[in-house]
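Here are a few notes to help you find your way around. Keep the viewer open as you read.

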Number of protein chains: 2
Amino acid sequence: MRQTNELFNSEVIAKQNIQALDQVYTANARMLPPGAEMIAGREPIKAFWQQAIAGLGLKSVKLTTVEAEALGDGVVEIGRAELSLAGGNTLTVKYVVQWKQEAGKWKWHTDIGNPNQ
Amino acid sequence: MRQTNELFNSEVIAKQNIQALDQVYTANARMLPPGAEMIAGREPIKAFWQQAIAGLGLKSVKLTTVEAEALGDGVVEIGRAELSLAGGNTLTVKYVVQWKQEAGKWKWHTDIGNPNQ
């Protein structure tokens, strides 16, 4: 799980390697971003992140697990994300991710967050 | 689960019966509301809702399950909430709730949401 989160920052955000989201989200993942409808499936989620990284000027995302609970064949994680934006601004987001294994890799299957301020 | 959601609207929101949240949230629940830090435990969650109902002028909350998945001894639900506010305004929120049984009753153990607009 830590590898997946590190990949999200080092590849997807820092290098804008959107295809690396194949290693982050399950094929059938759901994402529920603030200010928009739910997004179903990895390909639409890739399109969302491509726009969001450019739109917000995202420079880095530091993910920290606050709590994690094994549940059946998955894990429910509560976490905190520190977003660094263009212009030196920061944004603190909390999130819940339901993790699932896909082909032996732990990935985000349900992803929802909201800002702390 | 439907009973719990109906109780939330009919007792907690409509009658402002905050103590009925004993039947909605587990004792050790986590709530992650937009614009604030995570709240841990049912008593602080009660204080949050008491303020939120008054502050938003909440009149009713219609909860609809979009997807639900059994996971271990719990359920992960994706849902939609239609909030009716004072003055005839409405607000559409999507949410993820991790359900757990407590003394034989299905309750919200992790609760996070964000607005669609």
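1. A definition first: buried area is the accessible area, taken with a 1.4 Å probe, that two parts lose on being put together, summed over both. In this predicted model, about 2,400 Å² is buried between chain B and chain A, and carbon and sulfur atoms give 57% of that area. L71(B), K94(B) and I112(B) supply 21% of what chain B buries against chain A, more than any other three residues.

2. How many residues does each chain bring to the contact? Chain A gives 30 residues and chain B gives 30 residues.

3. Polar links also cross the interface. Between chain B and chain A there are six salt bridges. One of them pairs K100(A) with E69(B), whose closest N and O atoms are 2.6 Å apart. On the side of chain B that touches chain A, β1, β3, β4, β5 and β6 of chain B each give two or more residues. β6(B) makes the largest share, with six residues. By type, that side of chain B divides into 13 nonpolar, nine polar and eight charged residues.

4. Now look inside chain A. Its open sheet has six strands in the order β2-β1-β6-β5-β4-β3, with mixed pairing. β2 and β3 of chain A are at the edges with a single partner strand each, so one side of each has no neighbour in the sheet.

5. Helix α1 of chain A (residues 2-13) packs on this sheet, touching β3, β4, β5 and β6 of chain A, and its direction makes about 165° with that of β3(A). Helix α2 of chain A (residues 42-56) lies across β1, β2, β3, β4, β5 and β6 of chain A, at about 55° to β1(A).

6. Finally, β5 and β6 of chain A run antiparallel and are joined by 10 bridges. Here K94(A) stands opposite N114(A) in β6(A).

Conventions
Residues numbered from 1 in each chain as written. Chains lettered and ligands numbered in written order. Predicted model: local features only at pLDDT ≥ 70, side-chain atom pairs only at ≥ 80, totals over all residues. Heavy atoms only, no water. Pairing = 2+ DSSP bridges. Helix = DSSP H or I, 4+ residues; strand = E, 2+ residues; numbered from the N terminus. Contact = heavy atoms within 4.5 Å. Axes fitted to C-alpha atoms, helices over the stretch in contact; angles between N-to-C directions. Salt bridge = Lys/Arg side-chain N within 4 Å of Asp/Glu carboxyl O. Nonpolar A, V, L, I, M, F, W, Y, C, P; charged D, E, K, R; others polar.
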